[in-house]
Amino acid sequence: MYPKLIEINEKPEAYMKHVQEFAANPTGFFLISGKNGNGKTFTAEAIYGKFYHPCNDNMFWNLADLKMKWQSIYAKYGSTEYFLNEILKAPLLVLDDLGTTKPTETFMEFLYIISDKRFKQRATQGTIITTNLNSASMREMFGDAFVSRVASGRCVRHDGPDRRPMLF
């Protein structure tokens with residue numbers, strides 16, 4: 001279902017050291033950045049897969065899917081508090097593709113609350129974030145307060161070639 005850690009290849013030794021250390025103790029933040037198609041999501045999936053069980057509370061969200069779910073819940077119930085609490089209690093949370101689209105102000109507040117609450121629980125909860133953004137672009141899009149939290153743990157960047165086949 002999910003890739004295995006041993007399937008992560010063509011990464012620098014320092015990158016793999018961070019992956020192995022986080023996978024051994026998935027607490028705090030692990031920010032994985034780099035260009036499109038070089039294995040950020042694959043790495044996050046491999047770490048997540050190590051801890052996956054259908055009965056646990058771990059969560060893996062692509063940011064576009066998270067935003068759509070958040071909008072749907074808000075439209076239906078007028079509140080996202082229950083959904084937020086479900087996300088906050090996840091022992092391991094993956095937020096994939098941060099910054100592929102600019103969040104609305106209200107969705108950004110939702111993301112900030114997640115980052116702030118998980119920062120306070122970083123000793124017992126793990127949060128993996130993947131992004132194509134660099135530090136400056138992330139600060140411009142999400143603000144200093146958000147970035148200072150999500151970049152408080154392990155941060156790796158890998159800008160290898162796009163491994164997806166280009167057909168045109």
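Leaving out neighbours within four places in sequence, Ser-33 is in contact with Lys-40, Thr-131, Leu-133, Val-156, Arg-157 and His-158. This report covers a predicted model, and it starts from that residue.

**Ser-33**

Ser-33 belongs to strand β1, which spans residues 28-33. The relative accessible area of Ser-33 is 10%, and the cut-off for buried is under 20%, so Ser-33 counts as buried. One of the residues in contact with Ser-33, Arg-157, also makes a polar contact with it, side chain to side chain, at 3.2 Å.

**Pocket and cavities**

Lys-40, a contact of Ser-33, is also among the residues that line the largest pocket. The volume of this pocket is about 180 Å³. Its lining consists of Asn-36, Gly-37, Asn-38, Gly-39, Lys-40, Thr-41, Phe-42, Asp-97, Asn-132, Arg-163 and Arg-164. Helix α2 covers residues 40-51, and α2 gives the most to the lining of the largest pocket, with 3 residues.

Searching the whole structure yields 2 cavities of 30 Å³ or more. The largest cavity has a volume of about 80 Å³. Around it are Leu-63, Ala-64, Lys-67, Asp-97, Gly-99, Thr-100, Thr-101, Pro-103, Phe-107, Leu-111 and Phe-142. Two or more lining residues come from each of α3 (63-77) and α5 (105-120). The most come from α3, with 3 residues.

Which residue of strand β3 has a positive phi although it is not a glycine? It is Asp-97, with a phi of about 65 degrees, located in β3 (residues 92-98). Most residues other than glycine have a negative phi. Asp-97 lines the largest pocket and also the largest cavity. At 22% relative accessibility, Asp-97 is partly exposed.

**Aromatic pairs and cluster**

The whole structure holds 12 aromatic pairs. Two of them are tabulated here.

| Pair | Centre to centre | Angle between planes | Geometry |
|---|---|---|---|
| Tyr-2 and Tyr-48 | 5.2 Å | 70 degrees | edge-to-face |
| Phe-22 and Phe-30 | 5.2 Å | 35 degrees | tilted |

The pair of Tyr-2 and Tyr-48 links distant parts of the chain, with the two positions 46 residues apart in numbering. Tyr-2 lies in the segment before α1 (13-24), while Tyr-48 is in helix α2. Is Tyr-2 buried or partly exposed? With a relative accessible area of 24%, Tyr-2 is partly exposed, whereas Tyr-48, at 5%, counts as buried. In the tilted pair, Phe-22 is buried at 1% relative accessible area, and Phe-30 is buried at 0%.

One aromatic cluster is made up of Trp-61, Trp-70, Tyr-74, Phe-83, Phe-107 and Phe-110. Phe-107, a member of this cluster, also appears in the lining of the largest cavity.

**Charges over rings**

Lys-11 has its charged end over the ring of Tyr-15, 5.7 Å from the ring centre. Arg-122 lies over the face of Phe-119, and here the distance to the ring centre is 3.9 Å.

**Met-16 and Ala-90**

Met-16 is part of helix α1. Its relative accessible area is 17%, and the cut-off for buried is under 20%, so Met-16 counts as buried. Apart from neighbours within four places in sequence, Met-16 is in contact with Ile-8 and Lys-11. Lys-11 is the residue whose charged end sits over the ring of Tyr-15. The C-alpha atoms of Met-16 and Gly-99 are separated by 24 Å, and the two residues are 83 residues apart along the chain. Gly-99 is one of the residues lining the largest cavity.

Where does Ala-90 lie? Its place is the loop between α4 (81-88) and β3. Ala-90 is buried, with a relative accessible area of 0%. Beyond neighbours within four places in sequence, Ala-90 is in contact with Asp-57, Asn-58, Met-59, Arg-118 and Gln-125. Asn-62 is 28 residues from Ala-90 along the chain, and 15 Å separates their C-alpha atoms.

Definitions and conventions: Residues numbered from 1 in each chain as written. Heavy atoms only, no water. Phe/Tyr/Trp six-rings, centres within 6.5 Å; stacked < 30°, edge-to-face > 60°. Helix = DSSP H or I, 4+ residues; strand = E, 2+ residues; numbered from the N terminus. Buried < 20%, exposed > 50% of the residue type's maximum accessible area, 1.4 Å probe, protein only. Lys NZ or Arg CZ within 6 Å of the ring centre and 35° of its normal. Polar contact = N/O pair within 3.5 Å; in protein donor to acceptor, adjacent residues only side chain to side chain. Contact = heavy atoms within 4.5 Å. 1 Å grid on protein atoms, 1.4 Å probe; cavity = no way out; pocket = protein on both sides within 12 Å on 5 of 7 lines; lining within 4 Å. Points joined across faces, edges and corners; volume = space filled by probe spheres on them.
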